[in-house]
Every structure is written in C-alpha cells, then in structure tokens.
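Let us work through a model step by step. Keep the sequence and the 3D view open as you read.

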Amino acid sequence: MTLRKIVTLPEPVLRRKAKPVTKFDKDLQTLIDDMVETMREAPGVGLAAPQIGLSERLIVVEYYEKEEDEENEEAPKKVWAVLNPEIVKASEEKILGVEGCLSIPNLVGEVERHVEVQIKGLNRHGKPMKIKARGWLARIFQHEIDHLNGILFPDRATRVWQPPQEVEEEKEF
Ligand code: NI
C-alpha cells in the first residue's frame, strides 16, 4: 500500500464536482486500500478521493457503526468504501457539531448536519449497498459526500475559527 498526498486549499480539485466511478478493476482496489491507509496515517475518520487529487466519486470512512459506541473506546470501528454515494433520505432533525477537514489545516467550524441519513452507493466490487448512519457517523458521510460536489465545511458553517491546539483526530475528515 502507498500513502497518497492529501491536497489542501486552494487546490482546485477540491472545488470540482467529481465524476462517477465506472471501472471496478484492480487499480480501484489499490486506490481504496491506499485511501484507507492515508486516512489512518493522517489521522482522520474519513477521506474523499478529491482530497488526494482525484476527481472521482469515492469515499472511505472509518468510525463506530453504532452511535452508542462513540463513548466506548473498546468498541471496534468499521471501515466503509463507498463509490458514487448518494444521500437518499435525511432526518428533518439537525444538529450542530464542530468539524475540521484534512484539506483545510488549522481551521474548524460549527456545522449543522442531519442527525440521520441513509446512503446508497456501490461497494468496492460494484455491488449496490445501503447504509443507515446516525450521529457523528452521519456527519462524516455528509462531510465526505460534500467533498464530491466541491463543497467544503466552511461553506456550511455558522462560524469558523482557528483552534488553539491541534484538532482531535475524530474531528478531521
Ligand atoms: Ni474534509
């Protein structure tokens, strides 16, 4: 596996609408594995292909599957790789949370997100998949899918600021 370089603002690829993935070949498998490794090394809880300079609709996420496990450090995290992800359902209920982004160093922002979302997409082999996410996991998916449309968290933030210390791992994606 190879670590990929994470690009940061004002890199134009971060503002482009990414293209759907259509080829589910060996190169794609390598790319997904590289993205997971790059996300872990960063460290972060999610990464979208435009963040490594590729304008393709591909995201990886690593987090607790159940909202109640967020407080439990022993709970295992799950890894998702989703191609061409789409939000097909979103709760009316929204919640504010503080986010950072690996492509925007030294900035965090308070962003309102849906509490629950349902996501449809393809897995790494091109098979349809559906994900139901709540809480912070739902926030991560919303943040990553925004990346595929050239949207960055400050675009949605009610306020942004420079944190006094390094941003916590769980807030960067
Ligand atoms: Ni991000």
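The questions below go from the whole chain to the metal site of this predicted model.

Q: How many helices and strands does the protein chain have?
A: Read along the sequence, the pattern is α-β-β-β-β-β-β-β-α-α-β. Each α stands for a helix and each β for a strand. The totals are three helices and eight strands.

Q: What is the radius of gyration of the protein chain, and which value would a compact globule have?
A: The C-alpha atoms fill a box of roughly 40 × 35 × 30 Å along the principal axes. A compact globule of 173 residues would have a radius of gyration near 16 Å. The protein chain agrees with that, at 15 Å.

Q: Which residues coordinate the nickel ion?
A: The donor residues follow the spacing C-x41-H-x3-H-x25-F in sequence. Their donor atoms sit at 2.0 to 2.3 Å from the nickel ion. The residues are Cys-101 (SG), His-143 (NE2), His-147 (NE2) and Phe-173 (O).

Q: Which parts of the chain does the pair Cys-101 and His-143 tie together?
A: The two residues are 42 apart in sequence. Cys-101 lies at residues 94-101 and His-143 at residues 136-148, so the pair ties together strand 4 and helix 2.

Q: Is Cys-101 buried or exposed?
A: Buried means under 20% relative accessible area. Cys-101 has 1%. Therefore Cys-101 counts as buried.

Q: Why is the arrangement of the four donor atoms called what it is, and what is that name?
A: A tetrahedral site needs all angles between 85 and 135 degrees. The angles around the nickel ion run from 90 to 149 degrees. The arrangement is therefore irregular.

How values were computed. Residues numbered from 1 in each chain as written. Predicted model: local features only at pLDDT ≥ 70, side-chain atom pairs only at ≥ 80, totals over all residues. Heavy atoms only, no water. Donors = N, O, S within 2.8 Å, 3.2 Å for Na, K, Ca; no water. Tetrahedral: all angles 85-135°; square planar, octahedral: opposite > 155°, others 65-115°. Helix = DSSP H or I, 4+ residues; strand = E, 2+ residues; numbered from the N terminus. Buried < 20%, exposed > 50% of the residue type's maximum accessible area, 1.4 Å probe, protein only. Rg over C-alpha atoms; globule rule 2.2 N^0.38 Å.
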